[in-house]
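Today I sat down with a new model to look at its aromatic rings. Here is my notebook, for anyone who likes to follow along.

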Amino acid sequence: MKTHVMELKAGDRLREDTFNGAGLHILPKGTVIQTEEIALLIRQSIDYVDIDPRDGGSEQAYSSNVADSIGFSQELRKNFDKTIQAFQAIFLEALTTGKFNQSMVDEQLLPTLEALDDRKNITTLLYMLSNDDVNIYNHSLQVGLLSYYIATWLGYSREECHEISKAGYLHDIGKSRVRQSIKNKTELQGEELEEMRRHTHYGYEIIRESIKDNKTIALAALQHHEYEDGSGYPMGIGRTEIHPYSQIVAVANAYVEMTTSPRRQPDDSLITVLRKVYELGFGKLNERAVQALTQNLLPNFIGKRVQLSNGENATIVYNNPTDIFKPLVKVDDFFRDLARERDIEIVEIFFE
């Protein structure tokens, strides 16, 4: 049956070979449609394709995927909340004794990482990261989880990914020694700013005292505010002196901070935030880690509903390769190429 490309569903199967307007073969008969195929058809200006009749299989598969995604989200939320509560206890132990129980970290963090191993559902994680009320505990867990994703995308082993995630989880443990009155402030100057910046040294000391056989996790706490051009703190070191684990944690920390900070601009969509992190990859943050983040997050926005700065609601259908932060979107029955209409921005992405 003839079907408009925007009405295709995951699992639909092409009944005939598909050709573009110039007669070039685009997709063969029997192709099972997924997001990538829909994007390809749109790029080739193909409006309609012939698919096998739907016998309910596509709808059932779609409903099953939705139910599976909801179940996964609930499981991840359960682990997420439990791990946040555990980190509060770890934080208090570090405050009162100057160290923490390493086994408690592993016992609480690993179940969440195993859930991510089963389903690398970055869209679910993005939704959680951008909508939670944020304090130091869930900020730390968010950085740990995103560090895990980035390490995975960069090709680290499973064991290394777990270590890097732990480094992200513990990167702010030094704030346990910072005065509560300072931690609650959004703007710091002078002596207060200096005390806050000492959390990197405090974190290094606490982790070294608690995990004596692993210096790399402690280095992430010490170096996650260092920049490759030497303009960061606490030591102002450059690219070659920053440990690779620290580079990954720094990228995750920057992204989470921008998506959850009370100083975040109200019109900063996740795509806008991602673009800001991308720009930091030119001299500030590690380029490979930033590229891994952007290249793996952007495809997950395809198919998401968005609100545009002109008030229209739209759906992202394709990421422009020449301007990755200006996608092609569909508004009702027509398309807008935001790479051409430069004055229109995405102001919100919906993850329902």
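My entries on the ring pairs follow.

Entry one. I kept in mind that this is a predicted model. I searched the whole structure for aromatic pairs and found nine.

Entry two. I picked Y278 and F282 and asked how their rings are set against each other. The ring centres are 5.4 Å apart and the planes stand at 80°, so I noted the pair as edge-to-face, the term for planes over 60 degrees apart.

Entry three. Are these two residues buried or exposed? Y278 has a relative accessible area of 22%, so I call Y278 partly exposed. F282 comes out at 57%, and therefore counts as exposed.

Entry four. I then looked up a second partner of Y278, and it is F325. This pair is edge-to-face too, with 5.3 Å from centre to centre and 65° between the planes. Where in the chain do Y278 and F325 sit? Y278 belongs to helix 12 (residues 270–280), while F325 is in the loop between strand 6 (313–318) and strand 7 (328–331). The two residues are 47 apart, and their pair links distant parts of the chain. F325 has a relative accessible area of 8%, under the 20% limit, so F325 is buried.

Entry five. Elsewhere on my list, I found a cluster: F87, F91, Y137 and Y169 are linked by ring pairs.

Entry six. Last, I checked for a charge over a ring. R305 lies over the face of F350, 4.8 Å from the ring centre.

Key: Residues are numbered from 1 along each chain as its sequence is written. This is a predicted model: local features need pLDDT of at least 70, side-chain atom pairs count only at pLDDT 80 or more; totals for chains, interfaces and linings use all residues. Side-chain values use heavy atoms; hydrogens and water are left out. Rings of Phe, Tyr and Trp (its six-membered ring) pair if their centres lie within 6.5 Å; planes under 30 degrees apart count as stacked, over 60 as edge-to-face and the rest as tilted. Buried means under 20% relative accessible area, exposed over 50%, partly exposed in between (1.4 Å probe, protein chains only). Helices (H or I, at least four residues) and strands (E, at least two) are DSSP runs, numbered from the N terminus. A charge sits over a ring if NZ of Lys or CZ of Arg is within 6 Å of the ring centre and within 35 degrees of the ring normal.
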